[in-house]
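Student: I've got this structure open and I'd like to go through it with you. Can we start with the ligand and then work outwards?

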Amino acid sequence: MSSMWTLHDIGDRADLRPAYVDAVNAVVVDTWGRADFSREERELFGRDQRYQQRARLVALDDDGSPLGHAGLELPRADNTRVAYVEVGTVPAARGRGIGSALYDELVARSRRAGRTVLMASTDHPSEPQGAGTLAPPTGAGRVSTAAPGVRFALRRGFRLEQVERHSVLDVPLEVADAAGRTARAQAEAGDDYRVHTWSGATPAQWLDQMAVLHTRMSTDVPTAGLDWTEERWDAERVQDRDDEHARRGVGYLTAVVEHVPSATLVGYTSILTVPHTPLYVHQDDTLVLREHRGRRLGMLLKLANLARLADEHPEARRVGTWNAQENSPMLAINVELGFRPAGGSGEWQLTLT
Ligand SMILES: CC(C)(COP(=O)(O)OP(=O)(O)OC[C@H]1O[C@@H](n2cnc3c(N)ncnc32)[C@H](O)[C@@H]1OP(=O)(O)O)[C@@H](O)C(=O)NCCC(=O)NCCS
């Protein structure tokens with residue numbers, strides 16, 4: 001590999017997109033040892049710019065091969081102090097200053113946009129314990145200080161605020177067993193609660209109520225010391241997000257639970273399919289409003305959506321999900337469903353001064 005390299009803003013340069021995607025996937029496969037989190041071009045570049053302003057950079061060798069990637073997300077509708085930064089260098093090109101140069105460019109752009117809080121994630125293929133590990137102030141979960149991303153973040157002044165667990169469930173579930181669990185959860189929930197499911201765009205009748213649930217989701221999940229405030233969702237934003245999924249080639253399965261006496265939705269869960277493989281799907285948000293917790297609604301929702309997944313995507317074999325290590329109620333449901341620990345992430349924060 002030669003020593004000259006250059007940074008490029010992807011902007012409207014569609015010709016640079018494949019190199020960016022290759023850099024992202026090289027880092028993903030190196031970190032995880034598997035390709036479940038690989039991305040396709042449309043999935044990365046079909047993202048919405050209305051609620052998040054996004055910039056992407058790629059570092060290229062002088063022969064045009066990709067060496068590193070960086071992404072910046074600036075929320076526009078809420079949380080306008082925050083900038084999310086993401087930096088990755090392909091393994092063979094590390095230790096040459098590429099990650100630092102990409103990162104410095106993201107910091108400069110964040111400052112120019114008036115952002116004062118940087119957030120970043122590091123990915124980890126296992127949950128380490130003991131010497132050579134670091135725990136966040138929540139005390140839940142640890143990351144290895146030997147991981148290059150952890151070293152990189154610490155040296156730049158980031159603080160580890162939260163650790164998430166990644167868990168994987170083998171699917172499809174055994175049909176009779178899942179039916180039995182569903183019947184028991186429904187019996188505990190009682191007749192006041194009814195589950196509905198759909199795939200793709202949100203039905204018009206639920207748009208406003210889904211906006212309320214998304215707003216609550218943004219702060220009802222544990223956020224540790226992360227400087228995150230409520231997102232503002234309305235029906236239009238829910239529709240925009242549905243359009244975004246379609247553009248990105250991402251399938252979206254939703255289960256909601258209605259409190260029948262008040263005709264309101266009090267919880268939801270969603271599964272995303274990804275364009276690069278039919279084998280792996282992502283268990284996304286799950287929320288049951290506080291005042292309706294403790295009635296097995298979380299379990300009922302997840303089982304309903306997994307049943308829909310088995311019907312619509314029988315080829316799916318693994319469901320992956322992410323949860324804060326301190327989110328014991330959600331982790332308990334996942335463990336009961338059969339999810340097994342499969343690594344995690346560190347969530348980092350830096351205040352720009
Ligand atoms: C973290 C990561 C982006 C660093 O990429 P990189 O290109 O190796 O970064 P750099 O070369 O700029 O810096 C890495 C180390 O090499 C050293 N370095 C910088 N320039 C160098 C040079 N010209 N020659 C040799 N070493 C150099 C730096 O001192 C740095 O050490 P430090 O982090 O302990 O300060 C890379 O390891 C990676 O992709 N990890 C997985 C993704 C990830 O975790 N990203 C999130 C980061 S918050």
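Student: How far is a nitrogen atom of the ligand from a polar backbone atom of Val 87?

Tutor: Before the number, keep in mind that this is a predicted model, where local features need pLDDT of at least 70, side-chain atom pairs count only at pLDDT 80 or more, and totals for chains, interfaces and linings use all residues. Residues are numbered from 1 along each chain as its sequence is written, and side-chain values use heavy atoms, with hydrogens and water left out. A polar contact is a pair of N or O atoms within 3.5 Å; within protein, one must be able to donate a hydrogen and the other to accept it, and residues adjacent in sequence count only if both atoms are side-chain atoms. For Val 87, the distance from its polar backbone atom to the ligand nitrogen is 2.8 Å.

Student: Which residues come nearest to the ligand?

Tutor: A residue counts as near if one of its heavy atoms lies within 4 Å of the molecule. Gly 95 also offers a polar backbone atom 2.6 Å from a ligand nitrogen, and Arg 94 has a side-chain N or O atom 3.3 Å from a ligand oxygen. Of the 18 residues around the ligand, those that come nearest are Thr 89, Gly 95, Gly 97, Gly 99 and Ser 100.

Student: What is the strand order in the open sheet of 12 strands?

Tutor: Strands here are DSSP runs of E with at least two residues, helices are runs of H or I with at least four, and both are numbered from the N terminus. Two strands pair if DSSP finds at least two bridges between them. The pairing in this sheet is mixed, and the order is 1-2-3-4-5-14-8-13-12-11-10-9.

Student: Why is one side of strand 1 and of strand 9 left without a neighbour in the sheet?

Tutor: Look at where strand 1 (5-9) and strand 9 (193-199) stand. Each has a single partner strand, so one side stays free, and the reason is their place at the edges.

Student: Is strand 14 largely enclosed or left open by the rest of the structure?

Tutor: Strand 14 (residues 340-351) runs antiparallel to strand 5, with eight bridges joining them, and it pairs with strand 8 (residues 159-170) in the antiparallel sense, also over eight bridges. Buried means under 20% relative accessible area, exposed over 50%, and partly exposed in between (1.4 Å probe, protein chains only). Nine of the 12 residues of strand 14 are buried, so the strand is largely enclosed.

Student: Which residue in strand 14 is the bridge partner of His 124?

Tutor: You've already met the eight bridges between strand 5 and strand 14. Elsewhere on strand 14, Trp 348 stands opposite Leu 160. For His 124, the partner is Gly 344.

Student: At about what angle does helix 6 run to strand 11?

Tutor: Helix 6 (residues 207-220) lies across strands 9, 10, 11 and 12. Axes are lines fitted to C-alpha atoms, for helices over the stretch in contact (heavy atoms within 4.5 Å). Angles run from 0 to 180 degrees between N-to-C directions, and for helix 6 against strand 11 the value is about 80°.

Student: Which helix gives the most to the largest nonpolar core?

Tutor: A nonpolar core is a set of buried Ala, Val, Leu, Ile, Met, Phe, Trp, Tyr and Cys residues joined through side-chain atoms within 4.5 Å. This one has 41 residues, and Leu 297 is one of those touching the most other members. With eight residues in the core, the top contributor is helix 8 (residues 297-312).

Student: Is Asn 79 buried or exposed?

Tutor: Asn 79 lies in the loop between strand 3 (66-75) and strand 4. Its phi is positive, about 50°, although it is not a glycine. Its relative accessibility is 4%, so Asn 79 counts as buried.

Student: Which peptide bond is cis, with omega near 0°?

Tutor: Head for the loop between strand 8 and helix 5 (175-189), where you'll find Pro 172. The cis bond runs from Val 171 to Pro 172.
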